[in-house]
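Student: Could we go through this structure together? I would like to hear the reasoning behind each label, not just the label.

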Amino acid sequence: MTKTNAVIDYLRSRKSLPLTMMSEPGPSESELRDMLEIAARTPDHGRLEPWRFIVYRDEAGRQIGEKLAVRAQEINGSMPDDQIERERNRIRRAPVAIGVVAVTKESEKIPAWEQFLSAGAVAMNLVHAANAYGYKANWVTGWYSDDEKGRAILGLSPNERMAGIVHIGSSDREIAERPRPDIESLISDYSGEYQG
């Protein structure tokens, strides 16, 4: 078996850029289109394509942010100005943000949870594609993903869910390494049926 060292090295060192460190430039239209095509090359049992993309650019992010700030106050009551401003900038923290929307389809063979996992795989592929192009990326959800009105503000229909929003931009700052899982504590050999 021939291994691809460059890919292995990338996967061993991949990091998410904190959104507070994200800046211009973002991807060009052709780069973004290619990233989305790469993202769509994901496990998809039954070829249902149970996901779609929403591209949030600057003006859309501004409009969404104003609505999210109002919605956050409806939920939480009065909020300090800095928290309101944070809500206003939720979708504007990077040059472009891509909503990966889970659109589960009716299927006798493929359960909704498996389709949702496919949407998650799309989001991770999009992160990898952005990194491969030399950009930084961060995949987030947020409180608005669990709120029916928040999802509507983001452009989702009632039967859709946000698998994640992938923010894509640039940064010349070094990303600090964070603690990673102790893989040995997460691995076990099969030892029989679960007994409770």
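Tutor: Gladly; what follows is a set of questions about salt bridges, a buried charge, empty spaces and backbone angles. Keep in mind that this is a predicted model.

Student: Let us start with charge pairs. What makes the pair Glu37 and Arg33 a salt bridge?

Tutor: The test is a side-chain nitrogen of Lys or Arg within 4 Å of a carboxyl oxygen of Asp or Glu. For Glu37 and Arg33 the N to O value is 3.3 Å, so the pair passes that cut-off. Both residues belong to helix α2 (residues 29–39), where they sit 4 residues apart, about one turn of the helix.

Student: Why is Arg33 called exposed, and why is Glu37 called partly exposed?

Tutor: Exposed means over 50% relative accessible area, buried means under 20%, and partly exposed lies in between. Arg33 has 55%, so it counts as exposed. Glu37 has 44%, and therefore falls in the middle class.

Student: How do you know that Glu74 and Lys149 form a salt bridge?

Tutor: Their closest N and O atoms are 3.5 Å apart, and the rule asks for a value within 4 Å, so the pair qualifies. Glu74 lies in helix α3 (residues 58–76) and Lys149 in helix α6, so this bridge ties together parts that are 75 residues apart in sequence. As for accessibility, Glu74 is partly exposed at 45%, and Lys149 is partly exposed at 42%.

Student: What makes Arg180 and Glu177 a salt bridge?

Tutor: Here the N to O value is 2.8 Å, so the 4 Å limit is met. Arg180 is partly exposed at 40% relative accessible area, and Glu177 is partly exposed at 49%. While we are on bridges, those that share partners join Arg71, Glu74, Asp147 and Lys149 into one network. The count for the model is 13 salt bridges.

Student: Now to Arg151. How do you know that Arg151 has no salt bridge?

Tutor: The nearest side chain of opposite charge is Asp146, which is 5.3 Å away. A salt bridge needs nitrogen and oxygen within 4 Å, so Asp146 does not qualify. Arg151 is nevertheless buried, and this label stands for a relative accessible area under 20%.

Student: Where does Arg151 lie, and which residues is Arg151 in contact with, leaving aside neighbours within four places in sequence?

Tutor: Arg151 is part of helix α6, residues 148–153. With those neighbours left out, its contacts are Tyr144, Ser145, Asp146, Leu156, Glu160 and Arg161. Asp146 therefore counts as a contact of Arg151, because contact takes heavy atoms within 4.5 Å, yet it makes no salt bridge with Arg151.

Student: Let us turn to empty space. Why is one space called a cavity and another a pocket?

Tutor: In a cavity the probe fits but cannot get out, whereas a pocket is an open set of points. The model has 1 cavity of 30 Å³ or more. The largest cavity holds about 40 Å³ of space, so it passes that size limit. Its lining is made up of Asp44, His45, Pro50, Ile110, Glu114, Gln115 and Ser118. By class, that lining has 2 nonpolar, 3 polar and 2 charged residues.

Student: What lines the largest pocket?

Tutor: There are 14 lining residues, and Ser13, Lys15, Asn131, Lys136 and Ile175 lie nearest the centre. The volume of this pocket is about 230 Å³. At least two lining residues come from each of α1 (5–13) and β3 (136–140). The lining divides into 5 nonpolar, 4 polar and 5 charged residues.

Student: Finally, the backbone. What makes Arg47 and Glu49 worth a remark?

Tutor: Arg47 has a positive phi of about 50 degrees although it is not a glycine, and Glu49 likewise has a positive phi of about 50 degrees without being a glycine. Arg47 is in the loop between α2 and β1 (51–56), and Glu49 is found in the loop between α2 and β1 too. With 74% relative accessibility, Arg47 is over the 50% cut-off and so counts as exposed. Glu49, at 52%, is therefore exposed as well.

Student: Which peptide bond is called cis, and what is its omega?

Tutor: The bond joining Glu24 and Pro25 is cis, with omega about 0 degrees. Pro25 sits in the loop between α1 and α2.

How values were computed. Residues are numbered from 1 along each chain as its sequence is written. This is a predicted model: local features need pLDDT of at least 70, side-chain atom pairs count only at pLDDT 80 or more; totals for chains, interfaces and linings use all residues. Side-chain values use heavy atoms; hydrogens and water are left out. Buried means under 20% relative accessible area, exposed over 50%, partly exposed in between (1.4 Å probe, protein chains only). Lys and Arg count as positive and Asp and Glu as negative; His and the chain ends are not counted. On a 1 Å grid over the protein atoms alone, a cavity is a set of points where a 1.4 Å probe fits but cannot get out, and a pocket is an open set with protein on both sides within 12 Å along at least five of seven lines; lining residues have an atom within 4 Å of a point. Grid points are joined across faces, edges and corners, and a volume is the space filled by probe spheres set on the points. Ala, Val, Leu, Ile, Met, Phe, Trp, Tyr, Cys and Pro count as nonpolar, Asp, Glu, Lys and Arg as charged, and the others, Gly among them, as polar.
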